[in-house]
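Open the model in your viewer and keep the selection panel at hand. The tour goes from the whole chain to single residues.

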Amino acid sequence: AIRLFIRGIGVGDIQVTQDPSVALYTDGVYMGTSFGAGFEGVDIQRVEVLRGPQGTLYGRNATGGAVNIITRRASTESVEFRQDLTAGNMGRFKSKTMLNLPLGDSFAAKVNYVISERDGYVENDGIGEDYGLEDRESLAVDLRWEATANLLLDYRYESAEMKDSQRLEQIVTIDPSAGFLSAFTTFNTDVSKDQLDDVTSLQEIFRNDQEVDSHSVWLTWDISDSLTLKTISSWRELDSLTNGNALSTAEGDYTAIGFGIGAVNVGRFDLDFEQSSHEIQLLGTYDSLEYVAGLYYYEDEATQDGSSSTSLGVDGAPDITHSENESLAVFAQATWTPSVMDHRWHITLGGRYSEDDRSAERNNQRATEAFTGSYDNDFSNFNPSLTVAFDVNDDMNVYGKVVSGYKSGGTSQRSANATLFSQGFDEEDILSYELGYKGEFWDRRARLNGAIFYMEIDGQQSSVQTDPISSGGRDFLPVDGNTIQGLEVDLNLLLAEGLTLTASYGYLDTELGESSLDSPAGTFELIDVYPNAPENSYSLALDYQHSLALGELGFNINYGWQDDVQTSFNEVENSPIDSYGLLGASLSWSDISLGDLPGSLRVLFWGRNLTDEEYGLVQSAAWSLFGVTKVQTFGDPRTYGMTLTYQY
């Protein structure tokens with residue numbers, strides 16, 4: 001699963017019954033769930049990151065922002081072939097194959113095939129697989145038909161299979177006096193504040209098994225020089241069997257309190273997810289007006305079965321959620337560039353009306369208080385946006401923006417409380433104000449973008465543990481009156497011929513509007529800031545390109561750093577992750593001629609986390625009841641390797 005955060009807004013607890021706060025697209029196709037979204041297989045041209053609330057241009061509404069992956073489509077121009085072979089430490093092997101074939105003057109086909117394998121980053125001396133093992137395979141087939149000079153049809157089929165193993169949730173600190181169940185829990189010696197290279201699992205570590213199949217169709221019709229009709233239709237199916245053992249180096253005897261003997265908690269979730277979406281866009285210009293208008297329809301259906309999971313040595317209890325979601329939206333955005341002041345003013349007005357219908361059925365016999373329940377609710381919202389921009393000159397622009405956003409309500413597929421499941425949670429609303437600058441100077445050798453923003457969020461859908469024993473039992477509770485403010489600066493600087501400096505800096509000041517929440521599951525004390533929102537973060541990169549008699553030499557060195565972050569809205573579960581910085585570098589020799597043979601070679605040496613920094617990805621205090629006061633999932637250690645590329 002992928003967790004995306006922009007300006008402090010994202011989803012920490014990924015569920016198919018809750019919309020992502022940051023929308024993920026591939027060529028405008030919306031991914032309805034982050035589960036299974038980590039596959040490779042597309043030939044990426046660029047990645048667009050849209051910051052702040054989105055919804056008046058395309059796709060679903062999103063409160064945090066949108067990430068759109070743009071790929072290279074099939075081309076009728078020429079035959080193209082590319083083969084990448086990568087080898088690295090930890091048994092890294094990756095093969096990426098791309099073939100583009102024109103089939104006549106108006107038809108082309110393109111195939112991408114990827115195999116990616118890696119050994120685990122933590123060795124398991126116990127039962128089952130190592131931790132963090134990767135085994136992935138994906139195929140993407142693109143077809144393009146240039147039916148007429150004005151009509152273009154694209155089709156893509158994607159298939160991916162991922163058989164990774166879970167990352168290690170390492171026990172960092174223990175306190176037997178922290179919880180009453182710690183008396184029944186036994187820990188082995190695999191407890192350390194430092195990242196461990198090998199541990200002994202007391203339960204078997206299995207591989208996951210995720211399969212994705214999708215079909216997408218894009219139609220572009222240039223009705224006239226000033227009017228274009230676009231349609232996007234997609235169908236996506238995910239079958240996911242996910243295994244996770246939160247405390248794999250601990251076990252216990254819970255017979256004294258009426259439970260069993262064995263693992264504290266083993267999650268085994270079988271998810272079937274199907275989605276389809278259809279979008280119509282009308283793009284055009286009229287005099288000094290540019291506009292886009294569209295209709296969007298989306299539906300998904302999912303069943304998650306966790307009945308094979310184990311809690312306190314007990315397994316086989318039903319834990320099934322079936323959900324359905326249907327969404328309809330109409331959106332429009334227009335930019336007016338009046339003739340006054342040499343067309344230097346740009347006024348953009350947008351709006352989106354959304355209707356969402358959600359329903360779910362849940363049978364949870366694994367919860368401390370077992371229940372069956374149903375949920376059904378409808379949501380609707382209208383979100384306007386206004387942007388006023390001014391061209392200071394041909395190279396500089398300033399703007400002001402007011403945008404509203406909305407994320408529909410729903411319920412929790414992991415709910416541990418009958419009342420909370422049936423009543424669900426309300427929609428999340430956001431109002432964002434932004435002032436910014438975009439410009440080039442120093443004879444266009446420098447580009448500077450900057451923005452300051454202030455956001456008000458009501459109905460923040462905060463995930464809290466509502467099962468008193470298992471951290472897997474969770475519900476979403478609303479938090480009102482929240483604010484996020486900050487600034488962003490991005491700089492590109494051409495220092496000398498072939499030498500470029502790239503720098504970015506972000507500052508966030510977040511505040512929760514409530515200090516505690518009362519609910520049918522009890523009262524929860526909250527922290528006072530947003531989790532997963534570093535106050536300061538920055539990145540630096542230096543790129544150098546130099547032409548040689550045979551090919552071109554390239555060098556890159558990059559460093560990214562972020563402040564410490566909180567990990568949960570709930571004070572009891574919160575466990576801050578320390579600040580960290582990661583150093584990477586690469587050296588390439590490209591455009592190597594092969595003499596009389598067609599094509600060229602490229603050799604790339606690369607390294608990530610070169611200082612072997614120990615840093616946390618996820619951290620939690622949710623298992624304190626068992627005497628485990630801190631559990632952390634560390635990021636990858638130092639990785640390095642070589643990639644050889646042949647391109648024709």
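What follows is a series of selections, each with a note on what is there.

**Whole chain**

Start with everything selected, and keep in mind that this is a predicted model. Coloured by secondary structure, the protein chain shows one helix and 42 strands. Its radius of gyration is 26 Å, close to the 26 Å that the globule rule gives for 648 residues, so the chain is as compact as a globular protein of that length. Turn the C-alpha trace along its principal axes and the spans are about 80 × 60 × 45 Å.

Now switch on the surface. The accessible surface of the protein chain comes to about 28,600 Å², and carbon and sulfur atoms account for 53% of that. Of the 648 residues, 49% are buried. Contacts often link distant parts of the sequence: among those between residues at least 6 apart, 67% join residues at least 24 apart.

Colour by charge next. The protein chain has 40 positive and 101 negative charges, and the mean positions of the two sets lie 6 Å apart.

**A four-stranded sheet**

Select residues 29–30 for β4 and 44–51 for β5, then add residues 65–71 for β6. These strands belong to an open sheet of four strands with mixed pairing, in the order β4-β3-β6-β5. Which strands stand at the edges? They are β4 and β5; each has a single partner strand, so one side of each is left without a neighbour in the sheet.

Zoom in on β5 and β6. The two run antiparallel and are joined by seven bridges. One pair to label is Arg51 with its bridge partner in β6, Gly65. Strands of a sheet pair through backbone hydrogen bonds, so show the backbone atoms here.

**A hairpin**

Move to residues 516–519, strand β34, and residues 522–525, strand β35. A hairpin of two residues connects β34 to β35. The strands pair in the antiparallel sense over four bridges. Label Asp518 and you will find its bridge partner, Thr523, in β35.

**Leu386**

Last, select residues 371–391, which form strand β26, and pick out Leu386 within it. Is Leu386 buried, partly exposed or exposed? Its relative accessible area is 37%, so Leu386 counts as partly exposed.

Show its surroundings. Leaving aside residues up to four places away in sequence, Leu386 touches Ile347, Thr348, Leu349, Gly400, Lys401 and Val402. To finish, draw a C-alpha to C-alpha distance from Leu386 to Glu614: the two are 44 Å apart in space and 228 residues apart in sequence.

Definitions and conventions
Residues are numbered from 1 along each chain as its sequence is written. This is a predicted model: local features need pLDDT of at least 70, side-chain atom pairs count only at pLDDT 80 or more; totals for chains, interfaces and linings use all residues. Side-chain values use heavy atoms; hydrogens and water are left out. The radius of gyration is taken over C-alpha atoms; the globule rule is 2.2 Å times the number of residues to the power 0.38. Buried means under 20% relative accessible area, exposed over 50%, partly exposed in between (1.4 Å probe, protein chains only). Contact means heavy atoms within 4.5 Å. Accessible areas come from the Shrake-Rupley method with a 1.4 Å probe; for residues, only the protein chains shown count as cover. Lys and Arg count as positive and Asp and Glu as negative; His and the chain ends are not counted. The place of a charge is taken as NZ of Lys, CZ of Arg, CG of Asp or CD of Glu. Two strands pair if DSSP finds at least two bridges between them.
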